[in-house]
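Let's take a walk through a small protein chain together. Have a look at the sequence and the 3D view, and then follow the strands one after another.

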Amino acid sequence: MEIFDKKDKAMMIKVSQLKPGSQIHEHKNNGEIDCYEVLDVEPVGRKLQVTFRSMTGIESAVYPADAYLNASH
């Protein structure tokens, strides 16, 4: 999974540094790319719940706060 803001290059970033407006591009094994826009990031204990919008609607996922993703900020 990669996260991109329009103006920046990709790098390793903590999930805790995600912000509304960040773009997530998930590259699947079949070559398809799913795109998501981060809407909100909320703490859930030691983890973070990231709410995002895709073409299929609004969904949330919970990640460890100290997890890293290939991302831009």
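## Strands side by side

Strands E3 and E4 pair in the antiparallel sense, over 5 bridges. Two strands count as paired if DSSP finds at least two bridges between them. Strands themselves are DSSP runs of E with at least two residues, numbered from the N terminus. Before going further, please keep in mind that this is a predicted model, in which local features need pLDDT of at least 70 and side-chain atom pairs count only at pLDDT 80 or more, while totals for chains, interfaces and linings use all residues. Residues are numbered from 1 along each chain as its sequence is written, and side-chain values use heavy atoms, leaving out hydrogens and water.

Back to the first pair of strands: Glu 26 has Asp 34 of E4 standing opposite. E3 and E4 form a hairpin with 5 residues between them, and Gly 31 in that turn has a positive phi of about 95°.

Which other strands join up in this way? E4 runs antiparallel to E5, and the two are joined by 7 bridges. Here the bridge partner of Glu 37 is Arg 53 in E5. E5 in turn pairs with strand E6 (residues 57-64), again in the antiparallel sense, over 8 bridges. In this pairing Leu 48 stands opposite Tyr 63 of E6.

E4 and E5 make a hairpin with 2 residues between them, and Gly 45 in the turn has a positive phi of about 65°. E5 and E6 also form a hairpin, with 2 residues between them.

## The whole chain

How many helices and strands does the protein chain have? The count is 0 helices and 7 strands, so from the N terminus on the order of elements reads β-β-β-β-β-β-β. Of the 73 residues in the chain, 25% are buried; buried means under 20% relative accessible area, exposed means over 50%, and partly exposed lies in between (1.4 Å probe, protein chains only).

The accessible surface of the chain comes to about 4,900 Å², and carbon and sulfur atoms hold 50% of it. Such areas come from the Shrake-Rupley method with a 1.4 Å probe, and for residues only the protein chains shown count as cover.

## The nonpolar core

In soluble globular proteins, nonpolar side chains tend to be buried together. In this chain, the largest nonpolar core has 9 residues: Val 15, Leu 18, Ile 24, Tyr 36, Val 38, Leu 48, Val 50, Phe 52 and Tyr 63. Such a core is a set of buried Ala, Val, Leu, Ile, Met, Phe, Trp, Tyr and Cys residues joined through side-chain atoms within 4.5 Å. E4 and E5 are the elements that give two or more residues to this core, and E5 gives the largest share, 3 residues.

Two of the core members also meet ring to ring, in the 1 aromatic pair of the structure. The ring centres of Tyr 36 and Phe 52 are 4.8 Å apart and their planes lie at 80°, so the pair is edge-to-face. Rings of Phe, Tyr and Trp (its six-membered ring) pair if their centres lie within 6.5 Å; planes under 30 degrees apart are stacked, over 60 edge-to-face and the rest tilted. Because Tyr 36 lies in strand E4 (residues 33-44) and Phe 52 in strand E5 (residues 47-54), the pair ties together parts that are 16 residues apart in sequence. Both Tyr 36 and Phe 52 are buried.

Not counting residues up to four places away in sequence, Tyr 36 touches several residues, including Ser 22, Glu 26 and Ser 54. Contact here means heavy atoms within 4.5 Å.

## Three serines

Where do three of the serines sit, and how covered are they?

| Residue | Place | Relative accessible area |
|---|---|---|
| Ser 16 | loop between E2 and E3 | 39%, partly exposed |
| Ser 22 | loop between E2 and E3 | 0%, buried |
| Ser 54 | strand E5 | 16%, buried |Ser 54 and Thr 56 are joined through their side chains by a polar contact of 2.9 Å. A polar contact is a pair of N or O atoms within 3.5 Å; within protein, one must be able to donate a hydrogen and the other to accept it, and residues adjacent in sequence count only if both atoms are side-chain atoms. For Ser 22, a polar atom of the side chain lies 3.1 Å from the backbone oxygen of Lys 19.

Leaving aside neighbours within four places in sequence, Ser 16 is in contact with Leu 48 and Ala 65. Ser 16 and Ala 67 are 51 residues apart in sequence, yet 8.0 Å apart in space, C-alpha to C-alpha.

Notes:
Helix = DSSP H or I, 4+ residues; strand = E, 2+ residues; numbered from the N terminus. Polar contact = N/O pair within 3.5 Å; in protein donor to acceptor, adjacent residues only side chain to side chain.
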